[in-house]
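Visitor: I am new to this model and would like to look closely at one part of it, then see the rest from there. Please take it slowly.

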Amino acid sequence: MTAHPDPEGPATGAAPVLVDVRDLRKSYGGRRVVDGVSFRVHEDEVFGVLGPNGAGKTTTVECVAGLRAPDGGSVRVAGLDPRAEHPAVSRLLGVQLQESALPPKITVREALLLHASFHPDPADWRALAERLGLADRLDARWAKLSGGQKQRLSIALALLGRPRVLLLDELTTGLDPRARHETWQLVEEIRDSGVTILLVTHFMEEAQRLCDRVAVIDAGRVRALDTPARLVRSTSVTTVAAFTPSDPPDRAAVEALPGAAAVRVRGGRWTVEGTDETVQALLSLLARAAITAHGLRVTDAGLDSAYLDLTGA
Ligand SMILES: Nc1ncnc2c1ncn2[C@@H]1O[C@H](COP(=O)(O)OP(=O)(O)OP(=O)(O)O)[C@@H](O)[C@H]1O
């Protein structure tokens with residue numbers, strides 16, 4: 001594995017570091033849930049913190065936001081300590097945290113006006129509502145919004161202070177596929193407008209689509225830190241072949257193919273995980289046995305396999 005669990009990961013160019021987390025440690029009731037996490041987020045990047053439930057992701061970003069006090073290590077946002085210099089840091093950071101709930105009866109307009117009043121030089125709330133597709137929902141109450149609209153409003157609220165860095169925690173959890181894709185587009189637009197984004201997710205697809213670099217966190221530790229593409233290449237599974245054979249091949253022979261990582265058979269359909277070499281050898285094996293591979297699909301393994309490999313999830 002060629003992962004880089006150091007704070008820098010592979011070369012990232014010369015962009016300034018906006019979020020610098022070093023050897024962060026945090027325990028609850030004597031149980032260590034963040035155990036020496038380090039990473040740096042550079043200006044203009046979308047940096048992902050990816051990991052299974054309970055990995056310590058939210059605790060980590062709450063320390064970045066200054067909402068929790070670390071037990072050890074350090075956090076800096078644009079060189080500032082989020083606890084000791086909270087007012088200055090909150091002017092730089094927009095925070096959209098998990099389950100950010102508003103009073104059920106507050107309207108979209110009221111929420112935008114209220115949050116705009118927290119900032120000395122807020123963004124134009126009407127323009128933000130327009131940009132986030134909420135212009136025709138200004139009089140709707142929070143409780144009546146769809147999941148996607150609630151998420152868009154919480155992003156709008158986080159953007160009102162014109163942040164340099166936006167923290168997004170589990171942004172698309174609970175959204176249907178359409179709302180999830182719309183939210184991803186929105187994140188890309190926000191990135192293109194020059195906002196640096198620190199994104200917590202447990203969706204591999206989300207990390208692969210949005211993030212320039214990803215820290216994979218499990219049990220409070222960074223297991224790997226790299227670009228999604230390099231994380232995928234670093235794992236033992238890069239290629240997956242699925243097919244329905246005209247006659248079942250010798251399973252032991254398939255399992256013994258070079259680089260074969262897993263072989264599954266369900267309802268007559270075979271799935272073989274491995275590398276390009278595995279698939280080449282598989283096709284030769286089938287040809288030698290005069291077996292036809294019906295409905296053959298060969299796909300890239302994607303970040304899922306890398307994630308499973310790294311977290312043992
Ligand atoms: N205030 C708290 N008091 C006690 N334990 C907590 C507290 N907050 C979080 N924990 C525990 O710390 C661990 C890490 O939680 P955290 O929310 O940081 O993980 P996570 O990776 O964000 O998980 P999820 O994806 O489920 O939100 C979990 O076991 C959680 O139950």
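Visitor: How many bridges join S11 to S12, and do these strands run parallel or antiparallel?

Guide: This is a predicted model, and everything that follows was computed from it. S11 and S12 are joined by five bridges and run antiparallel. One place to see the pairing is Arg264, which stands opposite Thr271 in S12. The two strands make a hairpin with two residues between them, and there Gly267 takes a positive phi near 55 degrees.

The hairpin is part of an open sheet of four strands, in the order S11-S12-S10-S13, with antiparallel pairing. At the edges are strand S11 (262-266) and S13, each of which pairs on one side only. On average, neighbouring strands of this sheet are turned by 15 degrees against each other, direction ignored. As a general point, strands of a sheet pair through backbone hydrogen bonds, either parallel or antiparallel.

On its other side S12 meets S10. Strand S10 (residues 239-245) and strand S12 (residues 269-274) pair in the antiparallel sense over five bridges, and Phe243 stands opposite Trp270 in S12. A helix covers part of this arrangement: H10 packs on the sheet and touches S10, S12 and S13, with a direction that makes about 20 degrees with that of S10.

Between helix H10 (276-288) and strand S13 (293-300) there is a loop, and Ala290 is found in it. In general, most residues other than glycine have a negative phi. Ala290 departs from this, with a positive phi near 55 degrees. Ala290 has 8 C-beta neighbours inside 10 Å, so this residue counts as exposed.

A second alanine invites comparison. Ala78 also has a positive phi, of about 50 degrees, although it is not a glycine. Ala78 lies in the loop between strand S4 (72-77) and helix H2 (86-92). With 19 C-beta neighbours inside 10 Å, Ala78 counts as partly exposed, because a residue counts as buried only from 20 such neighbours upward.

From the hairpin sheet we can turn to the other sheet. Six strands form an open sheet in the order S5-S6-S7-S3-S8-S9, and here the pairing is mixed. The edge strands are strand S5 (93-96) and strand S9 (221-226), each pairing on one side only. Neighbouring strands of the six-stranded sheet are turned by 15 degrees against each other on average, direction ignored. At the S5 edge, four bridges join S5 to strand S6 (residues 165-169), and these two strands run parallel. Within that pair, Gln96 stands opposite Leu168 in S6. Helix H1 (residues 57-64) packs on the sheet, touching strand S3 (46-50), S6, strand S7 (196-201) and strand S8 (213-218), and its direction makes about 155 degrees with that of S7.

H1 also leads to the ligand. The largest share of the shell around the ligand, three residues, comes from H1. The residues around the ligand are Tyr28, Val33, Gly51, Asn53, Gly54, Ala55, Gly56, Lys57, Thr58, Thr59 and His202. By type, the shell divides into three nonpolar, seven polar and one charged.

One of the shell residues, Gly51, lies in the loop between S3 and H1. Gly51 is buried, with 27 other C-beta atoms within 10 Å. Leaving aside residues up to four places away in sequence, Gly51 touches Lys57, His202, Val216, Ile217, Asp218 and Thr311. Lys57 and His202 are also among the residues around the ligand.

Away from the sheets, H3 shows how a helix can turn one side inward. The buried residues of helix H3 (residues 108-116) are Val108, Ala111, Leu112 and His115. Seen down the axis of H3, these fall within an arc of 95 degrees, so they line one face of the helix. They pack against helix H4 (125-131) and helix H5 (147-159).

Finally, the chain as a whole. Its secondary structure comes to eleven helices and 13 strands. The C-alpha atoms fill a box of roughly 75 × 45 × 40 Å along the principal axes. Of the 313 residues, 41% count as buried. Among contacts with a separation of 6 or more, residues 24 or more positions apart account for 72%.

Note on methods. Residues are numbered from 1 along each chain as its sequence is written. This is a predicted model: local features need pLDDT of at least 70, side-chain atom pairs count only at pLDDT 80 or more; totals for chains, interfaces and linings use all residues. Two strands pair if DSSP finds at least two bridges between them. Axes are lines fitted to C-alpha atoms, for helices over the stretch in contact, and angles run from 0 to 180 degrees between N-to-C directions. Two residues are in contact if their C-beta atoms, placed from the backbone, lie within 7 Å. A residue is near a molecule or strand if its C-beta atom, placed from the backbone, lies within 6 Å of it. Ala, Val, Leu, Ile, Met, Phe, Trp, Tyr, Cys and Pro count as nonpolar, Asp, Glu, Lys and Arg as charged, and the others, Gly among them, as polar. A residue is buried if 20 or more other C-beta atoms lie within 10 Å of its own, exposed if 12 or fewer, and partly exposed in between; C-beta atoms are placed from the backbone. The arc is that of the directions from the helix axis to the C-beta atoms.
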